[in-house]
Amino acid sequence: MAAMLQTIGVASPAASGTFPDHQKFFVSSLHSLPVIRSEARLNFGSIHGSSRAGKLIAKAVATKGENSAASAASKAGHELLLFEALREGLEEEMDRDPRVCVMGEDVGHYGGSYKVTKDLAQKFGDLRVLDTPIAENSFTGMAIGAAMTGLRPVIEGMNMGFLLLAFNQISDNCGMLHYTSGGQFTIPAVIRGPGGVGRQLGAEHSQRLESYFQSIPGIQMVACSTPYNAKGLMKAAIRSENPVVLFEHVLLYNLKERIPDEEYVLNLEEAEMVRPGEQVTILTYSRMRYHVMQAVKTLVNKGYDPEVIDIRSLKPFDLYTIGNSVKKTHRVLIVEECMRTGGIGASLTAAINENFHDYLDAPIICLSSQDVPTPYAGTLEEWTVVQPPQIVTAVEQLCQ
Amino acid sequence: MALSTHRTTTTLLRYLTPTISSLRHVSTDCSSSTITVETSVPFTGHNIDPPSRSVDTTPQELMSFFRDMALMRRKEIAADSLYKAKLIRGFCHLYDGQEAVAVGMEAAINRKDCIITAYRDHCIFLGRGGTLLESFAELMGRKDGCSKGKGGSMHFYKKEGGFYGGHGIVGAQIPLGCGLAFAQKYKNDENVTFTLYGDGAANQGQLFEALNMSALWDLPAILVCENNHYGMGTAEWRAAKNPAYYKRGDYVPGLKVDGMDALAVKQACRFAKEHALKNGPIILEMDTYRYHGHSMSDPGSTYRTRDEISGVRQERDPIERVRKLLLSHDIASEKELKDIEKELRKEVDEAIAKAKECPLPEPSELFTNIYVKGSGAESFGADRKEVRAVLP
């Protein structure tokens with residue numbers, strides 16, 4: 001699977017001088033640039049507490065032509081890889097608020113096992129970018145205790161799977177303390193790390209924790225998939241007063257994209273419209289987005305018109321965006337990397353069935369990973385996750 | 001088993017001899033009204049020189065100790081009756097017998113220092129500035145409780161008082177406590193965190209992980225093991241290979257303190273605070289005892305004899321110790337102390353009556369305080385028909 005360059009429609013080419021010819025543009029669909037229907041969701045003004053220094057862009061991907069006036073004044077943006085985008089977001093937030101600190105294994109001097117925190121320890125010092133011993137349960141607990149007093153820790157799990165050791169701290173203390181203390185304590189912590197099936201990393205290092213954490217009351221979960229949304233979600237997660245779990249994916253760290261120079265923060269609870277369409281709604285997140293887009297190329301050639309939504313917010317689901325899409329297309333396909341049993345797809349299927357049953361013309365199809373430990377052998381590993389041909393078959397089946 | 005009872009009785013009653021004898025040296029300096037009292041037993045140190053046995057105190061302080069401990073004792077007994085009357089439900093872990101730890105600690109610190117403990121938190125909550133009404137209302141699940149009735153007995157918190165709870169899972173509060181200390185170091189406050197845990201929790205891995213990190217980064221964390229010798233129904237010698245919990249820190253210094261002596265606790269906590277601010281973590285083991293069982297569902301007599309319980313109550317009771325001091329120094333008379341106890345009893349009864357009048361939380365409170373900003377997600381009651389709310 002080739003890493004796909006993601007389009008970013010910052011402004012139309014009609015805007016003067018903003019986009020020189022040498023800008024690399026890789027259009028992932030034959031249709032027009034994605035449109036975001038976010039006008040109704042501009043509820044940022046109601047956020048209490050945190051002051052926002054930068055301009056908040058409510059839309060995940062700006063509309064063509066709409067922002068051209070603003071963009072004419074903006075610079076061309078800069079290109080970077082996803083892990084650099086995460087680092088940029090983290091660094092900007094650490095500059096902005098001295099209470100933001102990072103804790104994790106090898107985040108400091110080593111620079112992070114995926115280089116997300118590279119050079120941050122040299123800049124901010126050892127206390128703000130803390131190298132912890134290998135004690136997930138207690139350093140997660142420590143971060144939560146620090147958050148109770150007002151610090152804003154970013155906890156890194158070197159691999160999300162290791163955070164299973166900290167499940168008690170995440171569930172009881174992170175998720176529930178705000179409630180059991182009657183609102184006295186807030187836990188503005190961010191828990192992040194790479195998860196998902198990688199390249200033959202073995203069963204224990206290929207876990208998808210979204211399904212385990214989704215029932216924990218009080219936390220929010222988001223999954224990033226592009227450099228643009230990685231930086232925006234990282235910033236939003238740090239600024240949020242709630243505990244947020246940010247799921248990254250091991251295979252997506254080297255995605256390259258051009259992102260705006262000016263500051264932007266994304267909405268944690270919003271889904272991203274990747275490709276509007278009329279025929280079938282494909283809901284996906286994280287790495288599976290790219291498998292879907294690859295399948296979409298084939299589908300478009302065959303004459304289908306799928307609408308692809310990257311749900312991004314795993315808890316709570318953005319049922320507004322998803323619902324509007326279902327009302328339009330009446331067919332839903334969910335493509336996820338979680339296990340079949342009890343995964344995000346299972347919850348999403350239930351949620352859509354409950355809320356939008358009358359709008360569905362066909363049962364929802366949910367493609368998930370197999371309920372097996374991820375094997376080491378390359379071919380077997382390939383078969384555990386959903387592959388583009390399966391997505392194409394599912395859409396064809398759905399649209400009969 | 002005969003062997004087990006024999007061992008525990010002798011261990012606990014070994015403090016008997018020093019208190020009864022006339023070893024206690026007492027001097028009163030009338031002009032500055034400072035009283036110097038010797039603690040019942042000397043402190044034992046591990047990798048550290050223990051502080052002196054002589055503790056300075058004042059008549060006012062002793063009176064406040066008496067008042068506070070008597071109030072705590074009265075409150076816990078009242079909670080016992082309320083539980084049996086089914087006004088308090090679920091789990092209720094009572095602290096009577098251990099009051100000296102709460103009171104002595106408060107005397108040595110200020111409200112900027114943090115305290116975090118496990119589920120036996122009612123009295124520490126009171127010590128940190130919690131009111132009787134808040135605690136009874138919380139126990140009875142009313143909305144005027146300190147956690148709006150949503151926490152319960154095991155989740156008392158008081159942010160303004162520096163009391164961070166109130167945690168149900170054994171040992172989970174220890175890393176939280178080290179996190180509080182981390183934040184204090186980060187912000188350069190000259191304050192410390194007291195992380196309390198029991199002898200049962202002392203065998204949790206999280207403790208050692210947290211200890212390692214606190215020592216590594218010189219966090220101002222004071223880990224206090226309230227050793228009441230029983231982890232629910234399991235005696236300490238049956239759970240721990242090495243029950244000298246103050247030594248278990250290895251590279252972290254430790255101090256063993258008589259937890260039934262409020263003055264010894266005060267001395268130790270003051271010493272520990274000074275140490276932690278300069279040198280990093282220290283472990284305090286408070287040798288204490290609980291008269292009730294582990295919780296209200298535990299009679300407390302299946303794993304220990306009634307003789308043992310009454311023996312400790314006769315010889316080491318913290319309130320009696322302070323009462324004897326007050327009487328021997330002529331700070332108060334027998335009658336005055338009895339009047340104070342009556343007054344406190346009335347106070348507690350009034351608070352209970354008031355708490356009983358408090359309303360239960362509204363159904364909409366089910367969905368408040370889950371998220372801070374709220375996510376706009378809709379929530380329903382279990383049957384999807386009632387209590388529809390948008391998470392605020």
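This passage describes chain A of a predicted model, then its aromatic pairs and a buried serine, and finally selected features of chain B.

In chain A, twelve helices and 14 strands are found. Of the 400 residues in this chain, 62% are buried, and the area that chain A exposes amounts to about 14,300 Å², of which carbon and sulfur atoms supply 54%. When contacts in chain A with a separation of 6 or more are considered, 82% of them are accounted for by residues 24 or more positions apart.

Over all chains, a search of the whole structure finds eleven aromatic pairs. One of them is formed by F213(A) and F247(A), whose ring centres lie 6.5 Å apart and whose planes stand at 40°, so the pair is described as tilted; the reasoning is that planes under 30 degrees apart would count as stacked and planes over 60 as edge-to-face, with the rest counted as tilted. This pair links distant parts of the chain, since F213(A) belongs to helix α6 (residues 210–213) of chain A, while F247(A) belongs to strand β7 (residues 244–249) of chain A, 34 residues apart. F213(A) has a relative accessible area of 0% and is therefore buried, and F247(A), with a relative accessible area of 4%, is buried as well, because the term applies under 20%. Ring pairs also bring F167(A) into the picture, linking F167(A), F213(A) and F247(A) into a cluster.

The loop between β5 (190–195) and α6 of chain A contains S206(A). With a relative accessible area of 1%, S206(A) is buried. A polar atom of the side chain of S206(A) lies 2.5 Å from the backbone oxygen of G202(A). When residues up to four places away in sequence are not counted, S206(A) touches G196(A), V197(A), G198(A), L201(A) and T374(A).

In chain B, two arginine residues are placed over tyrosine rings. The charged end of R304(B) sits over the ring of Y230(B), at 5.6 Å from the ring centre, whereas R313(B) lies over the face of Y291(B), 4.0 Å from the centre of that ring. Residues 67–363 of chain B are covered by the annotation "domain: Dehydrogenase E1 component", which comes from an unreviewed UniProt entry. Over these residues the chain is 46% helix and 10% strand, and the C-alpha atoms at the two ends of residues 67–363 are 39 Å apart.

Definitions and conventions. Residues numbered from 1 in each chain as written. Chains lettered and ligands numbered in written order. Predicted model: local features only at pLDDT ≥ 70, side-chain atom pairs only at ≥ 80, totals over all residues. Heavy atoms only, no water. Phe/Tyr/Trp six-rings, centres within 6.5 Å; stacked < 30°, edge-to-face > 60°. Helix = DSSP H or I, 4+ residues; strand = E, 2+ residues; numbered from the N terminus. Buried < 20%, exposed > 50% of the residue type's maximum accessible area, 1.4 Å probe, protein only. Lys NZ or Arg CZ within 6 Å of the ring centre and 35° of its normal. UniProt positions renumbered as here; feature names shortened; annotations may be inferred. Polar contact = N/O pair within 3.5 Å; in protein donor to acceptor, adjacent residues only side chain to side chain. Contact = heavy atoms within 4.5 Å. Areas by Shrake-Rupley, 256 points an atom, 1.4 Å probe, with all protein chains shown as cover.
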